[in-house]
Amino acid sequence: MKLTMIMKAVWIAALGLGVLAAGAVSAEPRYVGAKDCGGCHKAEMQDWQRSVHGKAIETLAAGKKSGPKHKAGLDPDKDYSSDEKCLKCHTTGFKQKGGFVDRNSTPDLAGVGCEACHGPGSDYRAIHKSKMLDFKRTETRAAGATYASKGDKVCENCHNTDSPFKPSVDPKYAFDLKERLKTKTESFHQINPLDGNHD
Ligand code: HEC
Ligand code: HEC
Ligand code: HEC
Ligand code: HEC
């Protein structure tokens, strides 16, 4: 009888470990959408909604930004809004876990959202929520957060020569990270000082 109890305990413990291990393996961060960030980050959300990144999917519609499209050899009268070649850089997490599918089923992932620059948010969002001012960047990084200003090459996922708008079309499309972070933050949001020390 005693042995059976022990066996049972061992078995339950093993089952628990198995479940944990399976959880850890499949726990790859997924995209959650800008709405799940905006509740806590209101100022950034408001800036972003007005910005070119926030509206990047609208640019794909027929008749929008016709001059630049024409110059890049695209058809200004064509609707590119569901063209997969364009969506990978004009939406958030296209074809990735939890990422953009289409405007009806994933409206919060249309445009270049928070997570296109900050990384898929399911796991670090939970850290922000539970630790608030007390989390460290080593733990948010491990949970999928990315930092463009600290050497992670996130902007370059889209600002590259696979884009129709590359420097050979017009030198103004050359991407200089330092310059754009310094003078062009209106393209996403004003950068505000943080209250916590996350280093
Ligand atoms: C998921 C793709 C993607 C990522 C990641 C991305 N961008 Fe962009 N960016 C775009 C697209 C698309 C546009 C054009 C939007 C439009 O005109 O509709 C754009 C436009 C811009 C513009 C405006 C251009 C101008 O001259 O006014 C700036 C500045 C910019 N991005 C900087 C950045 C920086 C800095 C980062 C990284 C911190 C970044 N982008 C990350 C896709 C991306
Ligand atoms: C590899 C990523 C990528 C792909 C693919 C891509 N774009 Fe973009 N697009 C960008 C980036 C980055 C910018 C901003 C360039 C800048 O201002 O420096 C941009 C800007 C634009 C602009 C605004 C240009 C301007 O001068 O205002 C239009 C219009 C546009 N894209 C349409 C499209 C269409 C249509 C497609 C599909 C045929 C497409 N893009 C595919 C990354 C991409
Ligand atoms: C085009 C890229 C881009 C997009 C889109 C973007 N951010 Fe950021 N954000 C940055 C960069 C760059 C920084 C500076 C820190 C870093 O390197 O990540 C930053 C910093 C921040 C900070 C810390 C500083 C501050 O202003 O409080 C917060 C919070 C933030 N972003 C939230 C958001 C939220 C919420 C969204 C979506 C509504 C968003 N961001 C969209 C690029 C972006
Ligand atoms: C429950 C509230 C909450 C939610 C939801 C939330 N955050 Fe945060 N976030 C915070 C707090 C609190 C901080 C720390 C602010 C400070 O130190 O001033 C923070 C900090 C940040 C920073 C700066 C952190 C750093 O390491 O530099 C970024 C970027 C950010 N959040 C992006 C996001 C994004 C993107 C989402 C959605 C995926 C999100 N947050 C969801 C509360 C939240």
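Start by selecting helix 5, helix 6 (114-118) and helix 9: each of these supplies at least two residues of the shell around ligand 1. Keep in mind that the model on the screen is predicted.

Now select ligand 1 itself with its surroundings. There are 20 residues around ligand 1, and those that come nearest are Thr59, Ala148, Cys155, Cys158 and Lys184. Colour the shell by class: eleven of its residues are nonpolar, six are polar and three are charged.

Next, go to ligand 2. Which helices each supply at least two residues of its shell? They are helix 4 (66-71) and helix 5 (84-90). Helix 5 gives the largest share of the shell around ligand 2, with five residues. Having begun with helix 5 at ligand 1, you now meet helix 5 again at ligand 2.

Select the residues around ligand 2, which number 21; the nearest are Pro68, Tyr80, Cys86, Cys89 and Ser163. By class, this shell holds ten nonpolar, five polar and six charged residues.

The last stop is alanine 143. Look for alanine 143 in the loop between helix 8 (137-142) and helix 9 (177-183). Is alanine 143 buried or exposed? Alanine 143 counts as buried, because 20 C-beta neighbours lie inside 10 Å.

Add the contacts of alanine 143 to the selection. Apart from neighbours within four places in sequence, they are Pro29, Asp123, Tyr124 and Ile127. Draw a distance from alanine 143 to tyrosine 124, C-alpha to C-alpha: the two are 5.3 Å apart in space, although 19 residues apart in sequence.

Note on methods:
Residues numbered from 1 in each chain as written. Chains lettered and ligands numbered in written order. Predicted model: local features only at pLDDT ≥ 70, side-chain atom pairs only at ≥ 80, totals over all residues. Near = placed C-beta within 6 Å. Helix = DSSP H or I, 4+ residues; strand = E, 2+ residues; numbered from the N terminus. Nonpolar A, V, L, I, M, F, W, Y, C, P; charged D, E, K, R; others polar. Buried ≥ 20, exposed ≤ 12 C-beta atoms within 10 Å, placed from the backbone. Contact = placed C-beta atoms within 7 Å.
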